[in-house]
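Subject: Structure for you to look at

Dear colleague,

I am handing over the structure we talked about, and below it I have written out what was found. Please keep it open beside this message while you read.

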Amino acid sequence: MGAPEKQLENATWPVTDFMLVGFSNLPDLRTTLFALFFFTYLVTLSGNVTIITIIHVDGTLHTPMYRFLALLSLSETCYTLVTIPNMLAHLLMESQTIPVPGCRAQMFFFLGLGCSHCFFLTLMGYDRYVAICHPLRYSMIIRSTVCLCLGALVFFFGFSVALIETSLIFSAPFCRGDRVEHFFCDIALVLKLSCAESASKVLAIFFLSILVVLVSFLLILLSYAFIVAAIVRMPSAAGRHKAFSTCTAHLTVVIVHFGCASIIYLRPESGGNPSQDRLVAVFYTVVTPLLNPVVYTLRNKEVRVALRRTLTCNVGPTKSRGRRIREGAGYWKSRGAWPPVKKRVKSAALANEKRGKAGPVQEAASRDSALIGGAGVLELGYGSAHARRARTAERR
């Protein structure tokens with residue numbers, strides 16, 4: 001009797017439910033793991049919801065950079081909802097089965113949101129590139145309608161890739177067992193249980209993974225190559241520091257997310273240890289979503305200020321903007337640098353237009369505005385040292 005006949009003889013036909021092994025080999029740690037994962041999940045969920053709420057309520061954060069951050073937080077919130085509640089339920093219950101349709105739905109949303117997350121990080125890298133390298137055209141390129149269209153395209157392409165991959169995996173019944181050595185329906189482990197020949201499917205899924213993970217990461221690297229080149233040419237040390245500070249949070253999330261995704265999905269075969277794969281999966285399904293609210297809240301001054309205003313019930317774009325204008329007026333009057341940059345830019349631009357040349361004041365002030373995501377530097381009269389030097393040169 002040949003190998004195919006033996007395989008079909010020992011097969012169970014057809015499989016209607018999968019058994020998720022999860023952490024069944026650690027019975028003594030179930031309660032501890034449940035408490036740890038549940039606490040992390042609550043912190044992640046509350047942090048992402050807080051970021052979305054602050055950006056929606058506070059008018060000073062209605063800029064392209066923070067709109068992309070709100071969409072990223074929404075994607076992270078849905079991403080954790082797909083896997084963590086089911087994992088917590090399995091830690092408490094004896095039965096750890098999941099029906100095949102439920103497994104398919106979980107895999108579809110997990111892949112769709114994961115691909116969308118990669119695309120959002122790429123989009124945020126492009127946003128930083130335009131803000132730093134093309135500050136004068138930032139408000140023209142990254143408009144509100146453009147943000148909404150790009151966000152819709154990100155979700156569309158992410159779930160299109162997920163639809164293709166899940167259709168490939170679930171196109172045939174499963175008859176090679178029902179044990180999935182994971183706490184959720186992972187691609188490679190579910191594909192091993194398919195009755196059909198899986199070599200071509202593995203190759204197609206591997207190619208799609210390269211397109212999503214590797215191409216997105218290379219585009220981010222390309223954006224930061226231009227960003228670093230532009231920062232090095234900045235004459236002001238304060239401007240260089242501000243530019244780098246706006247990129248560190250994004251770079252941190254990019255390195256962690258793409259590092260874990262590369263370990264799992266950029267392997268030709270799933271020849272790794274299942275226990276090690278579960279450990280890496282815990283990191284990018286539980287720990288990595290926690291980095292988004294922590295990094296973007298603790299390292300971002302504008303978000304911290306907006307959160308403080310929200311907690312002290314001083315929310316409102318008109319009131320907070322007026323207070324910032326008054327504070328800025330007192331600061332610059334005490335240093336003899338009044339009226340604000342906006343008025344000076346306008347008068348300098350008119351003078352330059354009469355002389356038939358373009359002045360550097362508008363470019364320097366526009367760079368300051370774009371570096372913080374267009375948060376209104378020109379309107380509030382906050383000028384950099386580079387802009388002040390340019391104004392002095394023009395007066396001479």
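**Aromatic pairs and helix H4**

A search of the whole structure, which is a predicted model, finds 15 aromatic pairs. One of them is formed by Phe109 and Phe159, whose rings are 6.2 Å apart centre to centre and meet edge-to-face, with 75° between the planes. Phe109 belongs to helix H4 and Phe159 to helix H6, so this pair ties together parts that are 50 residues apart in sequence.

That pair leads to the helices themselves. Two packed helices are described by the angle between their axes and the distance between the axes. For H4 (residues 100–133) and H6 (residues 144–169), the axes come within 7 Å and cross at roughly 140°. H4 and H6 are therefore oblique to each other, since roughly antiparallel would require an angle over 145 degrees. The crossing of H4 and H6 is right-handed, and their contact has 18 nonpolar, 6 polar and 2 charged residues.

**Two further partners of H4**

How do the axes of H3 and H4 cross, and within what distance do they come? Helix H3 (residues 64–92) and H4 have axes that come within 9 Å and cross at roughly 160°, which makes H3 roughly antiparallel to H4. H3 and H4 cross in the left-handed sense, and the residues of their contact divide into 16 nonpolar, 7 polar and 3 charged.

Helix H9 (residues 237–265) can be described in a similar way: the axes of H4 and H9 come within 11 Å and cross at roughly 150°, so that H4 is roughly antiparallel to H9. The crossing of H4 with H9 is left-handed. If you would like to find this contact on the screen, look on the H4 side for residues including Phe110, Gly114, His117 and Cys118, and on the H9 side for residues including Ala243, Thr246, Cys247 and His250. Further along, the contact also includes Arg128 and Ile132 of H4, and Phe258 and Tyr265 of H9. By class, the residues of the contact of H4 with H9 divide into 11 nonpolar, 6 polar and 1 charged.

**The sheet**

Besides the helices, there is an open sheet of 3 strands, in the order E2-E1-E3, and the pairing in this sheet is mixed. Why is one side of E2 and one side of E3 left without a neighbour in the sheet? Strand E2 (97–99) and strand E3 (179–180) stand at the edges and each has a single partner strand, so one side of each is left without a neighbour there. Strand E1 (residues 17–20) pairs with E2 in the antiparallel sense over 3 bridges, and within E1, Phe18 stands opposite Ile98 in E2. The sheet also brings us back to H4, because this helix lies across E1 and E2 and runs at about 85° to E2, an angle that falls within the 65 to 115 degrees counted as roughly perpendicular.

With best wishes

Notes. Residues numbered from 1 in each chain as written. Predicted model: local features only at pLDDT ≥ 70, side-chain atom pairs only at ≥ 80, totals over all residues. Heavy atoms only, no water. Pairing = 2+ DSSP bridges. Helix = DSSP H or I, 4+ residues; strand = E, 2+ residues; numbered from the N terminus. Contact = heavy atoms within 4.5 Å. Axes fitted to C-alpha atoms, helices over the stretch in contact; angles between N-to-C directions. Parallel < 35°, antiparallel > 145°, perpendicular 65-115°, else oblique. Left-handed = near helix turned anticlockwise from the far one by under 90°. Nonpolar A, V, L, I, M, F, W, Y, C, P; charged D, E, K, R; others polar. Phe/Tyr/Trp six-rings, centres within 6.5 Å; stacked < 30°, edge-to-face > 60°.
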